[in-house]
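Visitor: I would like a close look at one part of this protein. Please take me to a group of aromatic rings and show me how it fits into the rest.

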Amino acid sequence: MVDFLLQRTPPLPLDEAWRRLTRWPRHGDAVPLTRVTVVTDPPTGVGTRVVARTGIGPFAFDDPMEVTVWRPPADGEPGLVRLTKRGQVVLGWAELEVRPGPGGRTRVLWREELRIRGLPSLFDPLLVRASRAVFGRAVDSLLRKG
């Protein structure tokens, strides 16, 4: 299992950073070979289920996730969402947090604990580097595009 943390400080207000990070289908636009579908009715809240399908044809897998914490930012207070991975291949959780940052910016924290079923821990260093690269580009893209 690997843990990683990404931090960004975009020139966005809390609500806008939150909105950009929690529009789940947009994550599919930011992660290569991935389509993200919300499988429960809106609005997003605890219990919302999201499936990220990654790959091509028979070499694709689903990463089903469930929102287990949903606290949007309010009155200048931080926002936090936790997605718990419920799949057969990808296990763990991801948290996206927005909090006031320096100079009126927003501090974004993306924390993730990730395990790939059947992948020996020998590959953890490679998994953490690949995850930081892929999700780092994804969070940058999500925050850049409204």
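Guide: Start with two rings. Phe4 and Phe135 are both buried. One thing to keep in mind as you look: this is a predicted model. The two rings form an aromatic pair, and the pair is stacked. Their centres are 6.0 Å apart, with 15° between the planes. Now trace where each ring comes from. Phe4 sits in strand β1, while Phe135 sits in helix α3. Along the chain they are 131 residues apart, so this pair links distant parts of the chain.

Next, add a third ring. Trp110 also pairs with Phe135. This time the geometry is tilted: 5.5 Å centre to centre, and 35° between the planes. Trp110 belongs to strand β7, and Phe135 again to helix α3. These two are 25 residues apart, and their pair too links distant parts of the chain. Trp110 is buried, just like Phe135. Put the three together, and Phe4, Trp110 and Phe135 form one aromatic cluster. The search of the whole structure finds 3 aromatic pairs, and the two described here are among them.

Trp110 leads us further in. The largest nonpolar core has 26 residues. Leu21, Trp24 and Trp110 have the most contacts inside this core. Which elements build it? Those that each supply at least two residues are β1 (2-8), α1 (14-21), β3 (49-54), β4 (61-71), β5 (79-86), β6 (90-100), β7 (106-116) and α3 (124-144). Helix α3 gives the most, with 5 residues. In soluble globular proteins, nonpolar side chains tend to be buried together.

Look at Leu21 next. Leaving out residues up to four places away in sequence, Leu21 touches His27, Leu96, Val98, Val108, Val139, Leu142 and Leu143. Leu21 is part of helix α1, where the buried residues are Leu14, Glu16, Ala17, Trp18, Arg20 and Leu21. That makes 6 of the 8 residues of α1 buried, so the helix is largely enclosed by the rest of the structure. What lies over those buried residues? The cover includes α2, β4, β5, β6, β7 and α3.

Now step back to the whole chain. The protein chain has 3 helices and 7 strands. From the N terminus on, their order is β-α-α-β-β-β-β-β-β-α. The radius of gyration is 15 Å, close to the 15 Å that the globule rule gives for 146 residues, so the chain is as compact as a globular protein of that length. Its C-alpha atoms fill a box of roughly 45 × 35 × 25 Å along the principal axes. Of the 146 residues, 42% count as buried. Take the contacts with a separation of 6 or more: residues 24 or more positions apart account for 47% of them. The accessible surface comes to about 7,900 Å², and 56% of this belongs to carbon and sulfur atoms.

For contrast, visit some loops. Asp75 has its place in the loop between β4 and β5. Is Asp75 buried or exposed? Asp75 is exposed, with a relative accessible area of 80%. Its phi is positive, about 55°, although Asp75 is not a glycine. The C-alpha atom of Asp75 is separated by 9.9 Å from that of Asp15, which is 60 residues apart from Asp75 along the chain.

Leu33 also has a positive phi of about 55° although it is not a glycine. Leu33 lies in the loop between α2 and β2. Leu33 is exposed, with a relative accessible area of 55%. One more loop feature is a peptide bond. From Pro42 to Pro43 the bond is cis, with omega near 0°. Pro43 is found in the loop between β2 (34-38) and β3.

Finally, how confident is the predictor? The chain averages a pLDDT of 95, and 100% of the residues score at least 70. Confidence is lowest in helix α2 (residues 25-30), at a mean of 95. Confidence is highest in β5, at 98.

Return now to the starting point. Phe4, Trp110 and Phe135 form one aromatic cluster, and Trp110 is one of the residues with the most contacts inside the largest nonpolar core.

Note on methods: Residues are numbered from 1 along each chain as its sequence is written. Side-chain values use heavy atoms; hydrogens and water are left out. A nonpolar core is a set of buried Ala, Val, Leu, Ile, Met, Phe, Trp, Tyr and Cys residues joined through side-chain atoms within 4.5 Å. Buried means under 20% relative accessible area, exposed over 50%, partly exposed in between (1.4 Å probe, protein chains only). Helices (H or I, at least four residues) and strands (E, at least two) are DSSP runs, numbered from the N terminus. Contact means heavy atoms within 4.5 Å. pLDDT is the predictor's confidence in each residue, from 0 to 100. The radius of gyration is taken over C-alpha atoms; the globule rule is 2.2 Å times the number of residues to the power 0.38. Accessible areas come from the Shrake-Rupley method with a 1.4 Å probe; for residues, only the protein chains shown count as cover. Rings of Phe, Tyr and Trp (its six-membered ring) pair if their centres lie within 6.5 Å; planes under 30 degrees apart count as stacked, over 60 as edge-to-face and the rest as tilted.
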